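Colleague: Could you take me closely through one part of this model, the aromatic side chains and what they pair with? I would like a connected account that I can follow residue by residue.

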Amino acid sequence: MSPSESSSPQPDPTAVPPADGDAATPAALTARAPHVPAERLVAEMVPPPRFQGARFDTYIPDAKQPSQAEAVQVLSDFADGIEGGRAPEKRRWFARKPAAPKGPRGVYLDGGYGVGKTHLLASLWHATPAPAERKAFGTFVELTNLVGALGFQQTVRTLGEHRLLCIDEFELDDPGDTVLVSTLLGKLVDAGVALAATSNTLPGKLGEGRFAAADFLREIQGLSAQFRPLRIDGEDYRHRGLPDAPAPYDDETVTRTAYRTPGASLDDFPSLLEHLSTVHPSRYGAMCDGIEAVCLTDVQAVPDQSTALRLVVLADRLYDREVPVLTSGKAFDELFSEEMLRGGYRKKYFRAISRLTALARDAGALVADGSRH
């Protein structure tokens, strides 16, 4: 068995006869456990497919929320102020050393889920006058995974050659990450790297409700000093003026749709959750390579917080790739318990619900297409 395979259960092609006798058997996410080399982790630190076309002029500010239009202007000016990608020429021995820039070396986009923070962050990446290899874009989880793959010093050397580092969904989930990221960003600022980040929590509030923030106040305040906070108000654009997500379908509809949809995967939800525990979250993106639609039967409430956090990462990767999600069982707003939605990770869970709801809405077209055949 190759490293990319696992012994997890496969979809049963006899469970429901496919509507089309020539339809291919769907893929199974539970059969995928890809190996992702460190080089790929670095090369893929670019805006995800959903945001490849994101630009400041394609961001549509809510007229009722002036902070959104303000953010576009601030970030556009910030991009203009970042030096290009060429290495500076060697100074003559008598030349003065350039003065270090004053004030924060980064911007920090704070706001609720769905106000367009990732769109703005990707727009900044595209607008910055540096070649792609001198700019990096990744989620907080992907950044910590990169450190794990390369080692701290090599990560500093690699990212220190960049002009801009964009960090999406900035989260501090444990004390180790607090110290790690604080130290990393401090060294990158010293190397002249401009920083930009998004999160649902202001820099000085990172860690609240999860661990004893006072114990890590020094590291947290150090992070806060690197950024100019930029508040973005508004409601979730994914639901602004749109109908509610479709209710879950029955197992037969989900299975038949999986068989007739090219590139679809088909898994039962409990098995997928179990499989996610065996694959490092840094590989969830690769696990979705080539998948055009995700079909899940028997969706249930997640049993514990560790499982829930893994599901959040998978939801992010599917949303980045614009992969529709078709389900049977419980609705997405029933995935997480009331206790989870009141806890320290609640913003992650609400983000996952929001994104999965948008993908479920997209998946409705797959069922509609099938009903016309």
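Modeller: What follows is an account of the aromatic rings, with a short look at the chain around them. This is a predicted model, in which local features need pLDDT of at least 70 and side-chain atom pairs count only at pLDDT 80 or more, while totals for chains, interfaces and linings use all residues. Residues are numbered from 1 along each chain as its sequence is written, and side-chain values use heavy atoms, with hydrogens and water left out.

The chain holds 13 helices and eight strands (DSSP runs numbered from the N terminus, helices being H or I over at least four residues and strands E over at least two). Of its 373 residues, 50% are buried, a term that stands for under 20% relative accessible area, with exposed being over 50% and partly exposed in between, for a 1.4 Å probe and protein chains only.

Searching the whole structure gives five aromatic pairs, where rings of Phe, Tyr and Trp (its six-membered ring) pair if their centres lie within 6.5 Å, and where planes under 30 degrees apart count as stacked, over 60 as edge-to-face and the rest as tilted. One of the pairs joins phenylalanine 140 to phenylalanine 170, and because the ring centres are 5.1 Å apart with the planes at 45°, this pair is tilted. Phenylalanine 140 belongs to helix α4 (residues 140-150) and phenylalanine 170 to the loop between β3 (164-168) and α6, so the pair ties together parts that are 30 residues apart in sequence. Both phenylalanine 140 and phenylalanine 170 are buried.

Phenylalanine 336 and tyrosine 349 make a stacked aromatic pair, with 4.6 Å from centre to centre and 20° between the planes. This pair also links distant parts of the chain, 13 residues apart, since phenylalanine 336 is in the loop between β8 (325-329) and α12 (338-342) and tyrosine 349 is in helix α13 (residues 346-371). Phenylalanine 336 is buried, as is tyrosine 349.

Returning to the tilted pair, Phe140 and Phe170 form one aromatic cluster together with Tyr108 and Phe227.

Aromatic rings also have charged partners here: the charged end of arginine 50 sits over the ring of tyrosine 319, 3.8 Å from its centre, and that of lysine 135 sits over the ring of tryptophan 125, 4.2 Å from its centre. A charge sits over a ring if NZ of Lys or CZ of Arg is within 6 Å of the ring centre and within 35 degrees of the ring normal.
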